[in-house]
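Me: I have a structure open and do not know how to read it. Can we take it one feature at a time?

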Amino acid sequence: MDVWTHHRWRFPLPPHHRFPIEKYELLANRVVADGIAAPGEVHEAVPAEWTELAAVHDYGLLSRIREGCLTAREEQGLGLPWSPALVERGRRSVGGTIAAARHALEHDVALNLGGGTHHAGHDFARGYCLFNDVAVALAALRRDGTAGRALVVDCDVHQGDGTAQIFAEDDRTFTLSLHGARNYPFSRVPSDLDVDIASGTGDARYLRALREALDFALDRVRPEFAFYLAGADPWEGDRLGRLALSKAGLRARDEHVLDRLLEAGAAVCVVLAGGYADDVRDTVDIHAATAAAVAERTHALTPGLVGFQTDGFPPER
Ligand SMILES: [Zn+2]
């Protein structure tokens with residue numbers, strides 16, 4: 001299946017920084033090795049235009065980001081050192097989500113191998129998130145005249161405060177966030193539905209909460225379009241997350257979300273969001289399983305085949 005990536009646009013980080021810059025390239029290679037995407041189906045995302053970003057973000061914030069004039073406090077909240085490369089990469093991450101979202105309209109479901117930068121709000125950029133890719137992509141779809149009623153399903157372990165702020169007054173967009181109750185951010189902006197999950201929660205209780213939350217949200221919004229933030233950080237070995245899902249539990253989460261959204265008639269754009277395992281290969285495993293679940297729903301792959309193919313190409317569609 002077609003996927004979007006921006007892994008070649010790296011930016012300088014201090015030694016031992018927690019941002020997992022390696023995961024993006026490893027994942028792009030992995031989806032090809034697993035036969036989820038042919039090499040020609042891995043597309044380099046183009047940068048989102050500043051005018052597209054301005055549909056969501058405050059002009060002053062965008063100017064400070066563009067010119068490298070973030071205040072010391074803003075840069076500290078962002079958690080990443082400003083550089084021209086950081087801005088270029090951020091714009092490409094958003095561009096990948098815009099491209100995947102438009103692709104999803106034609107193919108029911110699509111995946112950006114990046115994005116999910118949900119801590120970026122209208123007038124703030126924090127928690128490793130420069131721009132809110134999902135909000136910018138939804139604005140682009142609506143300018144195209146599509147995606148009237150929309151649902152954001154945010155399963156990153158951290159609450160989606162930026163997304164909640166941007167859509168707070170938008171009654172065509174329902175924001176749902178399931179997250180660790182004791183995880184960042186500690187000052188929150190309420191989503192339409194926030195589900196606080198207790199530290200140490202494992203697969204069964206998490207999946208029950210997810211099912212109930214989706215019942216509620218789907219009943220409220222009846223979405224034509226949905227974004228799914230498939231964070232890898234609810235995993236039991238994550239350094240930042242406080243939940244205890246297994247890899248199998250995360251795969252079950254992905255399948256349940258995708259099936260419920262597709263059954264409800266929504267086109268679905270999937271983005272990665274966070275993942276901070278000690279060994280980045282664990283994070284890549286989790287995201288690759290998400291990619292496989294997406295591919296199975298595009299009919300590009302036969303269910304169960306992923307992991308057993310070695311020729312690098314999916315079966316014919
Ligand atoms: Zn996260």
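Reply: Start with the terms: helices are DSSP runs of at least four residues and strands are runs of at least two, both numbered from the N terminus. The model here is predicted. By that reading the protein has 10 helices and eight strands.

Me: How are the strands arranged, and in what order?

Reply: Strands of a sheet pair through backbone hydrogen bonds, either parallel or antiparallel. Here the eight strands make one open sheet with parallel pairing, and the order is S2-S1-S3-S8-S7-S4-S5-S6. At the edges are strand S2 (42–44) and strand S6 (193–197), each of which pairs on one side only. From one strand to the next the twist averages 15°.

Me: How many bridges join S4 and S7?

Reply: Five bridges, in the parallel sense. Ala 150, for instance, has Phe 225 in S7 as its bridge partner.

Me: Which strands does helix H6 lie across?

Reply: Helix H6 (residues 133–143) lies across S4, strand S5 (173–180), S7 and strand S8 (267–271), and runs at about 165° to S7. Helix H8 (residues 203–221) also packs on the sheet, where it touches S4, S5 and S6. The direction of H8 makes about 170° with that of S5.

Me: Which residues give the protein donors of the zinc ion?

Reply: Asp 156 gives two OD atoms, His 158 gives ND1 and Asp 233 gives an OD atom, at 1.9 to 2.7 Å from the zinc ion. Along the chain, the donors follow the spacing D-x1-H-x74-D. Distant parts of the chain are linked here: Asp 156 is in the loop between strand S4 (150–154) and helix H7 (161–166), while Asp 233, 77 residues apart from it, is in the loop between strand S7 (225–229) and helix H9 (247–263). Both Asp 156 and Asp 233 are buried.

Me: What is the geometry of the zinc site?

Reply: Four donors count as tetrahedral if all angles lie between 85 and 135 degrees. The four donor atoms of the zinc ion make angles of 54 to 150°, and the site is irregular.

Me: What should I look for in the backbone angles?

Reply: Most residues other than glycine have a negative phi, and most peptide bonds are trans. Tyr 128 has a positive phi, near 70°. Tyr 128 sits in the loop between strand S3 (109–112) and H6. Arg 222, in the loop between H8 and S7, also has a positive phi, about 45°. As for peptide bonds, the one joining Tyr 184 and Pro 185 is cis, with omega about -5°. Pro 185 belongs to the loop between S5 and S6.

Me: Are Tyr 128 and Arg 222 buried or exposed?

Reply: Buried means under 20% relative accessible area and exposed means over 50%. Tyr 128 counts as buried because its relative accessibility is 18%. Arg 222 counts as exposed because its value is 53%. Gly 79 is partly exposed, with a relative accessible area of 27%. Gly 79 lies in the loop between helix H4 (72–78) and helix H5 (84–107). Beyond its neighbours within four places in sequence, Gly 79 is in contact with His 17 and Tyr 128.

Me: What is the radius of gyration of the whole protein?

Reply: The protein has 18 Å, which agrees with the value near 20 Å for a compact globule of 317 residues. Of those 317 residues, 59% count as buried.

Key:
Residues numbered from 1 in each chain as written. Predicted model: local features only at pLDDT ≥ 70, side-chain atom pairs only at ≥ 80, totals over all residues. Heavy atoms only, no water. Donors = N, O, S within 2.8 Å, 3.2 Å for Na, K, Ca; no water. Tetrahedral: all angles 85-135°; square planar, octahedral: opposite > 155°, others 65-115°. Buried < 20%, exposed > 50% of the residue type's maximum accessible area, 1.4 Å probe, protein only. Pairing = 2+ DSSP bridges. Axes fitted to C-alpha atoms, helices over the stretch in contact; angles between N-to-C directions. Contact = heavy atoms within 4.5 Å. Rg over C-alpha atoms; globule rule 2.2 N^0.38 Å.
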